[in-house]
Amino acid sequence: MSRETPAPTIGQVALIALFVTSLVTAQLTATKLLAFDLPVSLPIVGAAIVLPGAALAYAVTFLATDCYTELYGRRPAQVLVNVGFGMNFVLLALVWSTILAPWAGYGVPAEQFETVLGAGTNIVIASLAAYVISQNYDVLAFHWIRDRTDGEHLWARNIGSTASSQAIDTVIFVVLAFGILPRLIGVGQVTGWDLVFELIVGQYLLKLLIALLDTPIVYGVVGAIRRQEAGDESATDALAWRS
């Protein structure tokens, strides 16, 4: 007799959905460059920070993986990250199959459609390289800090793993997406190296701020899912006892 596989919990499905949604959103919004004025002028970036539009969405993926690692362990989190890596290829294939399909002659012009979504090819390629390195590093760093603190101080592993992995991700992604790939394969806008450096600093400043601010959110999400799963387990035990 085959043993029934336990169903995934609501919290587990929600974290997977949050991770995948944020990942896809990041790929589709990264080509727009954003500029935010600062109250003071900073070295390198001046009075404004410039960053890719994907910065916020991509930062959410790290929040999701940190919560997932805390709740379900290193191996399940690595599976989530690596499956997400494969889904980037699905995204790229679906976008280009739509670009190459014949246009009906009305709606969004084919040239505009390709300009907006096709420009994301360099973004996806750069993201793949940055993603597979930084996300796997994030899971390992989170687990390493957890082992060194005997499972205490969730804030330390959340901030420590995210801050360091986001630095790795930012450098790889921005240099490839806006510096090397547009020059190498002719896809995307060629960006001056001074702006590339500004993008690295601007994007990392935002990601570092998010890493600091999202710690209460991580505590809240982890606590809520643990309470929900404990309640589900108690209800299941009660039903089993009555039967």
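Which side chains meet in a salt bridge at 3.9 Å, N to O? The side chains of Glu70 and Arg146 do so, and they appear in Figure 2 of the legends below, which describe a predicted model.

**Figure 1. Overall architecture of the predicted model, with its 8 helices and 2 strands.** In sequence order, the elements follow the pattern α-β-β-α-α-α-α-α-α-α. The protein comprises 243 residues, of which 40% count as buried. The close-up views that follow concern the salt bridges, a cavity, a surface patch and selected loop residues.

**Figure 2. A network of salt bridges links Glu70, Arg146, Arg157 and Arg226.** The count for the model comes to 3 salt bridges. In the pair formed by Glu70 and Arg146, the N to O distance is 3.9 Å. Because Glu70 belongs to helix 2 (residues 55–72) and Arg146 to helix 5, this pair ties together parts that are 76 residues apart in sequence. Glu70 is buried, with a relative accessible area of 4%, whereas Arg146 is partly exposed at 23% relative accessibility.

**Figure 3. Arg157 and Arg226 each meet the side chain of Glu70 in a salt bridge.** The N to O distance between Arg157 and Glu70 is 2.8 Å. This pair links distant parts of the chain, with Arg157 in helix 6 and Glu70 in helix 2, 87 residues apart. Arg157 has a relative accessible area of 1% and is therefore buried, since the limit for that class is under 20%. For Glu70 and Arg226, the N to O distance is 3.1 Å. Here the linked parts of the chain are 156 residues apart, Glu70 being in helix 2 and Arg226 in helix 8 (residues 215–242). Arg226 counts as partly exposed, at 41% relative accessibility.

**Figure 4. The second largest cavity has a volume of about 80 Å³.** A search of the whole structure finds 3 cavities of 30 Å³ or more. Helix 1 (10–29), helix 5 (121–148) and helix 6 (154–185) are the elements that give two or more residues to the lining of the second largest cavity. The largest share of this lining, 3 residues, is provided by helix 5. Among the lining residues are Ala26, Gln27, Tyr58, Ile123, Ser127, Asp169, Phe173 and Gln203. By character, the lining divides into 7 nonpolar residues, 3 polar and 1 charged.

**Figure 5. Val79, Val83, Met87, Val90 and Leu94 make a nonpolar surface patch.** The area of this patch is about 420 Å². Leu94 is located in helix 3 (residues 74–100). With a relative accessibility of 53%, Leu94 counts as exposed, because the exposed class begins over 50%.

**Figure 6. Asp150 and His153 have positive phi values in the loop between helix 5 and helix 6.** Most residues other than glycine have a negative phi. Phi of Asp150 is near 55°, and phi of His153 is near 60°. Asp150 is exposed, with a relative accessible area of 68%, while His153 is partly exposed at 45%.

**Figure 7. Gly192 is found in the loop between helix 6 and helix 7 (193–213).** The C-alpha atoms of Gly192 and Gly179 are separated by 7.3 Å. Along the chain, Gly192 and Gly179 are 13 residues apart. Gly192 is partly exposed, with a relative accessible area of 33%.

Technical notes:
Residues numbered from 1 in each chain as written. Predicted model: local features only at pLDDT ≥ 70, side-chain atom pairs only at ≥ 80, totals over all residues. Heavy atoms only, no water. Patch = residues over 30% accessible without salt bridge, like charges linked within 9 Å, V, L, I, M, F, W, Y side chains within 5 Å. Areas by Shrake-Rupley, 256 points an atom, 1.4 Å probe, with all protein chains shown as cover. Salt bridge = Lys/Arg side-chain N within 4 Å of Asp/Glu carboxyl O. Helix = DSSP H or I, 4+ residues; strand = E, 2+ residues; numbered from the N terminus. Buried < 20%, exposed > 50% of the residue type's maximum accessible area, 1.4 Å probe, protein only. 1 Å grid on protein atoms, 1.4 Å probe; cavity = no way out; pocket = protein on both sides within 12 Å on 5 of 7 lines; lining within 4 Å. Points joined across faces, edges and corners; volume = space filled by probe spheres on them. Nonpolar A, V, L, I, M, F, W, Y, C, P; charged D, E, K, R; others polar.
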